[in-house]
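Thanks for coming. I will take one structure today and go through it piece by piece, so please have it open in front of you.

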Amino acid sequence: MTRVPRNIRGPLAAVGVTAVLTACQPFQFPSSGDGGAPRPTHTPTASPTSIRTTTAPPSPTHSFSPTSVPPPPTTTRPASTPPRTTPPAAPTTRPPVPPPPATTPPAPLGKTDEVVRLTNVERGKAGCGPLAVDASLTTAAQAHTADMAANNYFSHTSRDGRSPGDRAKAAGFPSGFVGENIAAGAQTPAQVLQMWMDSAGHRANILNCSYTHIGVGYAEGGSYRYYWTQAFGRR
């Protein structure tokens, strides 16, 4: 297998290349927006239908005494009763609820956890502290990896022009001190870690003792079949 380790930012393409990788060195990325919070949705609730309870009047009772003289008949005009109206039924048709936004499929935990473990093993050999898994960096790394695999490209720059720092900020990471390694073509965590460690730029990111947190993404698809991302950051 031919490997092309380079410390660049753009995609690599070469005849006969079966695995590629590229590293983004740490620096302060400018922010590019707030990431777009999802719009709240509101579904009106139908008005409760009023329930009217009526009580039937008691049945008339008749009593008489066989020895009594019946009183003369009297005529009583019944009191007028207002007509009863039924309130209209509350509408039951609700507007259609929009479908939930598409989500990025999660990476297999076994693969990404093993990349984190192997990364911390190499950092320990160099005297650096272990990296803690960060949810926002993981979200940014996985989303970018899945996007590369689904849309068959390989770059630190997203198709919409965002940088690693932009993606980390949009995912909620509070600091602009971030770095990124990406790779394609390696089938296992051990293979991709070895590719990165054999490249000076990627190795520098892995062994940068200033980093405190990490997020890892993995996805399958595209021309290289296997895509990986390491997102580093310091809180």
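**Two arginines, a core and a cavity**

I start with Arg123, which lies in helix α1. Bear in mind throughout that this is a predicted model. Is Arg123 buried or exposed? Arg123 is buried, because its relative accessible area is 0%, and the cut-off for buried is under 20%. Leaving out residues up to four places away in sequence, Arg123 touches Cys128, Gly129, Pro130 and Leu131. Arg123 also touches a second group, made up of Ile206, Leu207, Asn208, Cys209 and Tyr211. Leu207 is 84 residues from Arg123 along the chain, yet their C-alpha atoms are separated by 5.4 Å.

The other arginine I picked is Arg235, in the segment after β6. Arg235 counts as exposed, because its relative accessibility is 52% and the cut-off for exposed is over 50%. Arg235 still has partners outside its neighbours within four places in sequence: Asp134, Ser136, Phe173, Pro174, Thr212 and His213. Between the C-alpha atoms of Arg235 and Val178 there are 9.6 Å, with 57 residues separating the two along the chain.

Now the overall layout. The protein has 5 helices and 6 strands, and their order along the sequence is β-β-α-β-α-α-β-α-α-β-β. It has 235 residues, of which 37% count as buried. Take the contacts between residues at least 6 apart in sequence: 71% of them join residues at least 24 apart.

Next, the nonpolar cores. The largest has 21 residues, and the ones touching the most other members are Val115, Val192, Leu193, Trp196, Ile206 and Trp228. Which elements give two or more residues to this core? They are α1 (109-125), α4 (189-197) and the strands β4 (177-184), β5 (213-221) and β6 (225-233). The biggest share, 5 residues, comes from α4. As for Val192, its contacts beyond four places in sequence are Val115, Ala183, Ala186 and Trp228. There is also a second, separate core of 11 residues, with Ala146, Tyr153, Ile182 and Tyr227 among them.

On to helix α2, residues 135-151. This helix has 17 residues and spans 24 Å from first C-alpha to last, close to the 24 Å expected at 1.5 Å a residue. Its buried residues include Leu137, Ala140, Ala141, His144, Ala146 and Met148. Polar and charged side chains appear in the buried set as well, including Gln142 and Asp147. What do the buried residues of α2 pack against? They pack against α3 (164-170) and against β4, β5 and β6. After α2 comes Asn152, whose phi is positive, near 55°.

Last, empty space. Rolling a probe the size of a water molecule over the atoms shows where such space is left. How many cavities of 30 Å³ or more does a search of the whole structure find? The search finds 1. About 50 Å³ of space lies in the largest cavity. From α2, the lining of this cavity includes Leu137, Ala140 and Ala141. The rest of the lining is Pro164, Arg167, Ala168, Val178, Gly179, Glu180, Ala231 and Phe232. The elements giving two or more residues to the lining are α2, α3, β4 and β6. By class, the lining has 8 nonpolar residues, 1 polar and 2 charged.

That is the tour. I will take comments now.

Note on methods. Residues numbered from 1 in each chain as written. Predicted model: local features only at pLDDT ≥ 70, side-chain atom pairs only at ≥ 80, totals over all residues. Heavy atoms only, no water. Core = buried A, V, L, I, M, F, W, Y, C linked by side-chain atoms within 4.5 Å. Buried < 20%, exposed > 50% of the residue type's maximum accessible area, 1.4 Å probe, protein only. Helix = DSSP H or I, 4+ residues; strand = E, 2+ residues; numbered from the N terminus. Contact = heavy atoms within 4.5 Å. Expected span 1.5 Å × (residues − 1). 1 Å grid on protein atoms, 1.4 Å probe; cavity = no way out; pocket = protein on both sides within 12 Å on 5 of 7 lines; lining within 4 Å. Points joined across faces, edges and corners; volume = space filled by probe spheres on them.
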